[in-house]
Amino acid sequence: MGKLVFISIVIAALSALFGERLVNLRKITLASRELVQNHLPNCVTLKNLDYGSEDITILGNGLAFISTGLRFPGMPSSDVTSKIFALDLKDPRLKPVELRMPRSFDLDSFNAHGISVYIDPTDGTIYLFVVNHPHHKSQVEQFKFLEDDFSLLHVKTIKHELLYSVNDIVAVGVEAFYATNDHYFTHPILKGLVEPFLALPWSNVVYFSPEEVKVVSEGYYSANGINISPDKGHVYVADVLDHNVHVLERKEDNALVSVKSVAVGSLCDNIEVDPETGDLWLGCHPNGWKLFMFDVKDPPGSEVIHIQNIHSDQPVVTQAYADNGEVIMGSSVAAPYGGKLLIGTVFHKALCCDLK
Ligand SMILES: [Ca+2]
Ligand SMILES: [Ca+2]
């Protein structure tokens with residue numbers, strides 16, 4: 001049975017059962033919206049990054065970390081296993097380099113998703129946290145980045161029953177992070193087919209530290225990207241199916257208190273924060289249906305949303321880039337540095353453009 005037929009049957013069955021609850025179909029498609037091409041100057045596709053670059057984060061010195069090769073239920077993927085690349089944005093050659101991994105680490109089942117960096121203020125050690133889905137489970141890998149030989153040292157694997165469907169993380173300490181669970185169910189059929197079509201606000205955000213693990217925010221349709229303000233006082237969470245970004249205040253006990261949500265008009269995935277301006281940059285899916293039902297003749301497009309002054313009464317939400325899938329499909333992250341913008345995707349190529 002073809003994927004389309006199967007999904008149509010599932011949707012018909014769900015419609016009969018839940019009727020009006022199927023509002024997520026409208027949330028997923030955004031089909032009424034016409035995507036107009038809005039390209040940036042001097043875009044180049046990055047070498048070696050042809051199998052997705054789901055998440056990207058950039059250090060203050062211009063070194064970008066890129067997670068590649070995500071295999072996610074319902075999305076196109078290759079047989080290539082995940083790798084972590086680094087790209088020096090100060091080097092005009094713009095050549096991503098694969099980071100060497102320890103032999104002891106299981107590379108065959110490595111399935112990298114969201115990433116986050118934490119620099120230990122006491123000794124400058126750079127820790128890279130990577131969401132990993134070996135055999136479609138969820139766990140977080142902590143690595144130490146060794147700059148001298150461009151390699152990653154595996155520190156530990158973190159597993160917990162509250163970390164059951166992790167999409168992205170933001171590290172807030174050497175051993176502490178916030179994580180989004182993008183689904184409530186973990187069974188592949190319930191997770192991949194049933195849940196996306198029901199309007200169930202059952203997804204959440206978890207705080208993890210060796211001392212304490214707790215749900216700190218809930219009520220999301222699908223919490224996806226997560227990041228933190230430069231002063232570490234606020235956390236931002238993208239609800240991909242509710243087309244908004246939630247602003248949450250961080251309390252002393254690491255609890256999160258909702259401040260507001262900002263509409264973004266697209267299915268936004270990962271969030272990067274400009275360390276100087278505090279602006280948010282989001283890789284978004286202009287039509288989730290096209291992403292889910294991948295058809296090369298009618299490909300999913302890409303969209304980058306930029307939010308300025310998010311804490312003011314009138315945040316400025318602008319579209320920084322849009323493409324109908326001719327150039328780049330399924331953008332999941334956008335990260336600015338020094339007048340350039342890196343755009344990564346769930347399963348396609350990665351771009352580097354000039355912002356002006
Ligand atoms: Ca991330
Ligand atoms: Ca994501």
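**Notebook: core, strands and one loop residue**

I began with the largest nonpolar core, which holds 86 residues, and I noted that Ala64, Phe129, Ile169, Val237, Val245, Leu282 and Ile343 touch the most other members. Strand β7, residues 126–132, gives the most to this core, with five residues. I keep in mind that this is a predicted model. As background, nonpolar side chains tend to be buried together in soluble globular proteins.

From that list I picked leucine 282 and looked up its contacts, leaving out residues up to four places away in sequence. Leucine 282 touches Gly225, Ala238, Val264, Cys268, Ile271, Val304, Ile305 and Ala334.

**The whole chain**

I then stepped back to the overall picture, in which the protein chain has four helices and 24 strands. Its radius of gyration is 19 Å, close to the 21 Å that the globule rule gives for 356 residues, so I recorded the chain as being as compact as a globular protein of that length. The C-alpha trace spans about 60 × 50 × 45 Å along its principal axes. I found that 44% of the 356 residues count as buried, and that 53% of the contacts between residues at least 6 apart in sequence join residues at least 24 apart.

**Strand β12 and its partners**

How many of the residues of β12 are buried? I checked them and found six of the six buried, so this strand is largely enclosed by the rest of the structure. Ser203, Val205 and Tyr207 point one way from β12, while Asn204, Val206 and Phe208 point the other way. I set this beside the usual rule that side chains in a regular strand alternate between the two faces of the sheet.

On the pairing, I noted that β12 meets strand β11, residues 177–181, in the antiparallel sense over five bridges, and that threonine 180 stands opposite valine 205 in β12. Strand β13, residues 213–220, is also antiparallel to β12, and six bridges join them. Within that second pairing, tyrosine 207 stands opposite lysine 214 in β13. The link from β12 to β13 is a hairpin through four residues.

**Leucine 200**

Next I looked at leucine 200, which I placed in the loop between α3 (188–197) and β12 (203–208). Is leucine 200 buried or exposed? Neither word fits exactly, because 18 other C-beta atoms lie within 10 Å of leucine 200, which makes it partly exposed; the cut-off for a buried residue is 20 or more. Leaving out residues up to four places away in sequence, I found that leucine 200 touches Tyr184 and Glu195. I also took one separation, from leucine 200 to alanine 263, and the two are 63 residues apart in sequence and 19 Å apart in space, C-alpha to C-alpha.

**The four-stranded sheet**

Last, I followed an open sheet of four strands, whose order is β18-β19-β20-β21 and whose pairing is antiparallel. Why is one side of β18 and of β21 left without a neighbour in the sheet? Strands β18 (267–273) and β21 (316–323) stand at the edges and have a single partner strand each, so one side of each lacks a neighbour there. From one strand to the next, the twist averages 25°. I looked more closely at strand β20, residues 302–308, which runs antiparallel to β21 and is joined to it by seven bridges. For histidine 306, I noted threonine 318 in β21 as the bridge partner.

Key
Residues are numbered from 1 along each chain as its sequence is written. Chains are lettered from A and ligands numbered from 1 in the order in which they are written. This is a predicted model: local features need pLDDT of at least 70, side-chain atom pairs count only at pLDDT 80 or more; totals for chains, interfaces and linings use all residues. Two strands pair if DSSP finds at least two bridges between them. Helices (H or I, at least four residues) and strands (E, at least two) are DSSP runs, numbered from the N terminus. Axes are lines fitted to C-alpha atoms, for helices over the stretch in contact, and angles run from 0 to 180 degrees between N-to-C directions. A residue is buried if 20 or more other C-beta atoms lie within 10 Å of its own, exposed if 12 or fewer, and partly exposed in between; C-beta atoms are placed from the backbone. Two residues are in contact if their C-beta atoms, placed from the backbone, lie within 7 Å. The radius of gyration is taken over C-alpha atoms; the globule rule is 2.2 Å times the number of residues to the power 0.38. A nonpolar core is a set of buried Ala, Val, Leu, Ile, Met, Phe, Trp, Tyr and Cys residues joined through C-beta atoms within 7 Å.
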